[in-house]
Amino acid sequence: MKLRNLLGVLLAAVIAGGIMYFILSRGGGEDGYVTAWYVEGSTAADGFKAAVEDYNAGLSRTAMPVKLTGFKDENALADAFETDTPDILLCAHYRAFDMHARGKLTDISAALSGRVPDYPKGTASRSAAIGKSFFPIGADVQALLINEALCDAQGFETLEALCAAAREYTEEMGEPFFTADSFAALFFTTLLREGEEFTAQDAPGARSENYIKLYNLLAEAAYDGALTAADEPGAASQVYDGALPCAVVSVSQLSSKKSGFGVYPVPPLSAESGGGMLGEAVGLAVTAGGSRSKSDIAAFVTWLFSGGRDIKLALQCSLVPAQNGTISTRDARWSALMKLGAGEIIAMPVQESEFIENRAAFEAEFRRSMEFLAG
């Protein structure tokens, strides 16, 4: 009898241990959840929250739900990382690439069972983390926003053609024709298409022939009064309000409630220019902490990046979708966003790059110079 009791106790201990192992292998910072953090008001935050709600609503009993935690700003998020770590972080590529470089991301590609998002080579090659521990949803890039009541985008094959049309408009109307929300980004994208890296160092030794050509085109337009470099109000709002016929803007600033406006790729420097755009990618970074169950994290990532859900999320947030694929839509803005990213290389500079470190100073100096030329 004593032996039977002892065996019973041992068996109970084994069962309890197995249950505990199962819980620990699936649980993490918070048992029973895949934890996801984000900054409130950040790009894609609202759409991500809605996607998580949909995922949890249709969840099977065997899968973990996703628990969201929002932070008021980046500082609050950074403070939280001092004492805890989520399973998933919604963030820009700057943070994801930095975490990857410091060994703070977890590769879940094996747990995806061959269902890795179908990123184009131009996106996947930006970092070894992409498709493994960082999964971009979409990218904020520049585009040419046109007020179709004031001008026609036909004939804007190059920046030179755009500046020529701008000059004609200003001579006739006596008003400026265009601006940009970031001239630094415009220089980066334009020179990227010429196979050059723009470091935003406006020094004689950093000025290539293509840099000089672009600078002179814009300077001549400013001198003629066709280009305005005033940054208030925003470039997109000036086009929507009818103050300007067109502007080079970040696609995240495009409105879903406006009609009579066209969205086109930024014209290249010449007809022989290559492709490429500067972009800020937003996506899911899988951190090194939180839940120890890669399969539960992979289940959510697989769900989000299948059935066109990630593409729809990107378009809802006015981003160029990162993954290959299309969805049926009658929305002109959505159609334009999908065309913008088709086959393009989207450059994603890291936070420590010369461009990121120098762009604010370049932007301020360039705008001062253009305003001076405009008189």
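How many of the 5 residues of strand β6 (residues 246–250) are buried? The views below take up this question and a few others. This is a predicted model in which local features need pLDDT of at least 70, side-chain atom pairs count only at pLDDT 80 or more, and totals for chains, interfaces and linings use all residues. Residues are numbered from 1 along each chain as its sequence is written, and side-chain values use heavy atoms, with hydrogens and water left out.

**View 1. Strand β6 is largely enclosed by the rest of the structure.** 5 of the 5 residues of β6 are buried, where buried means under 20% relative accessible area (1.4 Å probe, protein chains only). Both faces are covered: Cys246, Val248 and Ser250 lie on one side, and Ala247 and Val249 on the other. The strands here are DSSP runs (E, at least two residues), and helices are runs of H or I of at least four, each numbered from the N terminus. By that count, the chain has 13 helices and 10 strands.

**View 2. Strand β6 pairs with β4 and with β5.** Two strands pair if DSSP finds at least two bridges between them. Strand β4 (residues 134–147) runs antiparallel to β6 and is joined to it by 5 bridges; here Ala143 has Val249 as its bridge partner. Strand β5 (residues 178–180) runs parallel to β6, with 3 bridges, and Thr179 is partnered by Ala247.

**View 3. Cys151 and Cys246 do not form a disulfide.** Take a look at the two sulfurs: Cys246 holds the closest cysteine sulfur to that of Cys151, but at 5.0 Å it is too far for a bond. A disulfide is counted as a pair of cysteine sulfur atoms within 2.5 Å, and a search of the whole structure finds 0. Cys151 is buried, at 14% relative accessible area. Cys91 also counts as buried, because its relative accessibility is 7%.

**View 4. Phe135 sits in the largest nonpolar core.** A nonpolar core is a set of buried Ala, Val, Leu, Ile, Met, Phe, Trp, Tyr and Cys residues joined through side-chain atoms within 4.5 Å. This one has 52 residues, and those touching the most other members are Ile108, Phe135, Ile137, Leu284, Phe300, Leu304 and Phe305. Helix α10 (residues 294–304) gives the most to this core, with 6 residues. Beyond its neighbours within four places in sequence, Phe135 has contacts that include Leu112, Tyr119, Val286 and Val301, a contact being heavy atoms within 4.5 Å.

Key
Buried means under 20% relative accessible area, exposed over 50%, partly exposed in between (1.4 Å probe, protein chains only).
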